[in-house]
Amino acid sequence: MNKRNLFFSIILLTVVIIATVSLLIFKNESPLNANKENKESNQGNNIELLFGSNYISYIIEDDTMSFNIFAVQKIKNTTSSVANVIQDVSFNNENIEITEFSVELGNIYNGYKLINFIVDVKATSNNIEKADQFIIYFKNGKSKSYDIGEVSIQNDIGYSQNDIIPEGEYVVSYPFPSLNIKLFNNSKESITLNKIEDLNKMINYTFKENREWKPQEINHILVSSFDVKNEFDFYTITPILRYSINGSDYAYNMPGVIYGIFIPDEEKVQKIISQ
C-alpha cells in the first residue's frame, strides 16, 4: 500500500469512528430515549401493592437469615413489574439491616400477581429488634411504606446450644402452628421441660406435667396445635424451649419452622386480598 492509499485509509477510519460515536451520543440523548427512561422511572407511581400479614419471630444463629415477605401486585394494562422499578428496601428499624434482597414473581390470580420479597437480614444489636413496616425505595426517587405484620429478630446470645440437639429428621414446614420434633438430651443431667414459646410469646405451649428427661435419651415432642394470640397469613418462627436443670432455667432455640408458606400461589393471593 502506497502512502496516498494509507493516508485515505486513515481518514476513512477516522470518519467512521466519529460517525459511530456521534450516533451513540444522539441515541442516548434523543427525546425518544429520554421519554423511555422517564416512563420507566415513573412506573413506580403506578404500582399497587398489598402485603400479606407476615409474622416473623426469629433467633439468628449465623449472622444473617433469609426471610420471605409476601405481597400481591394489582395487574393493570399499563403497569410494569414491581421488580423493575425498585432501587432498595428497608424496615422501619435501623437495627434490622437488610444486607441483600431479591424479588420473585409468582402466579396471577383474580387480577393480582404474587410477589415474594426475599430479604437477607441481620440484627445490629443483641436486643429483640422489631419492625412492622417495609419501605420500598423506587428508582424515580420516591419511597413508600407498607404495613407487613410483625417482624421480631434477635441474635442467639444467651441461648443454650449444648444441652439439647435435634435428632433425626426435622420437620420444617407445617400448614398451621404445630410442632413435631425429636430431641436428644446431650447433657449429663436430667432435664425438666417447662414450655415452648417464641420471642413475643405469640405462640405458646405449656407442658401439662413436669416431664423428666434423662441424660442421653431421645424425647419426641408433639404439639398438635399452639395457643396463638393473633392470626397471621404466614409465619416464620424460632420455637424456644424453656427447660430446667437442677432448678436453674435455660432456653434452647430450636431450628426455625414456617407455617402456611408452601401453599399454592393462588391460595397465598386469596389470603392476602381477603384481608
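## Ground rules and confidence

A residue is called buried under 20% relative accessible area, exposed over 50%, and partly exposed in between, using a 1.4 Å probe and protein chains only. By that yardstick Asn 246 is exposed, with a relative accessible area of 64%.

This is a predicted model, where local features need pLDDT of at least 70, side-chain atom pairs count only at pLDDT 80 or more, and totals for chains, interfaces and linings use all residues. Residues are numbered from 1 along each chain as its sequence is written, and side-chain values use heavy atoms, with hydrogens and water left out.

The chain averages a pLDDT (the predictor's confidence in each residue, from 0 to 100) of 84, and 81% of the residues score at least 70. Helices (H or I, at least four residues) and strands (E, at least two) are DSSP runs numbered from the N terminus. Of the chain's elements, E7 has the highest mean pLDDT, at 97, and helix H1 (residues 3-29) the lowest, at 40. Over residues 1-42 pLDDT stays under 50, and the model has 7 contacts beyond four places in sequence for them; contact means heavy atoms within 4.5 Å. Where pLDDT is low, the predicted coordinates should not be read in detail.

## The open sheet

Seven strands make an open sheet with mixed pairing, in the order E4-E7-E8-E2-E16-E19-E10. Strand E4 (86-91) and strand E10 (173-174) sit at the edges with a single partner strand each, so one side of each has no neighbour in the sheet. Two strands count as paired if DSSP finds at least two bridges between them. In general, strands of a sheet pair through backbone hydrogen bonds, either parallel or antiparallel.

Working in from the E4 edge, E4 pairs with strand E7 (residues 129-138) in the antiparallel sense over 5 bridges. E7 and E8 are antiparallel too, joined by 8 bridges, with Glu 129 having Ile 153 of E8 as its bridge partner. Their hairpin has 4 residues between the strands, and there Gly 141 takes a positive phi near 90 degrees. Strand E8 (residues 143-155) then runs parallel to strand E2 (residues 54-60), with 7 bridges between them; Tyr 55 stands opposite Glu 150 in E8.

## Ser 90 on the edge strand

Ser 90 lies in E4, yet Ser 90 is buried, with a relative accessible area of 17%. Ile 135 in E7 stands opposite Ser 90. Leaving aside neighbours within four places in sequence, Ser 90 is in contact with Ile 98, Gln 133, Phe 134, Ile 135 and Tyr 137.

With Tyr 137 there's also a side-chain to side-chain polar contact at 3.1 Å. Such a contact is a pair of N or O atoms within 3.5 Å; within protein, one must be able to donate a hydrogen and the other to accept it, and residues adjacent in sequence count only if both atoms are side-chain atoms.

## One side of helix H3

Which residues of helix H3 (residues 265-273) are buried? They are Lys 268, Val 269 and Ile 272. These cover an arc of only 100 degrees around the axis (taken from the directions from the helix axis to the C-beta atoms), which puts them on the same side of H3. Their cover includes strands E1 (49-51), E3 (65-74), E5 (96-109), E6 (112-123) and E16 (234-237).

## Two loops with positive phi

Most residues other than glycine have a negative phi. Gln 216 has a positive phi of about 60 degrees although it is not a glycine. Gln 216 is found in the loop between strand E13 (203-213) and strand E14 (218-223), and counts as partly exposed at 48% relative accessibility.

Asn 246 also isn't a glycine, and its phi is positive, near 55 degrees. Asn 246 belongs to the loop between strand E17 (240-245) and strand E18 (248-253).
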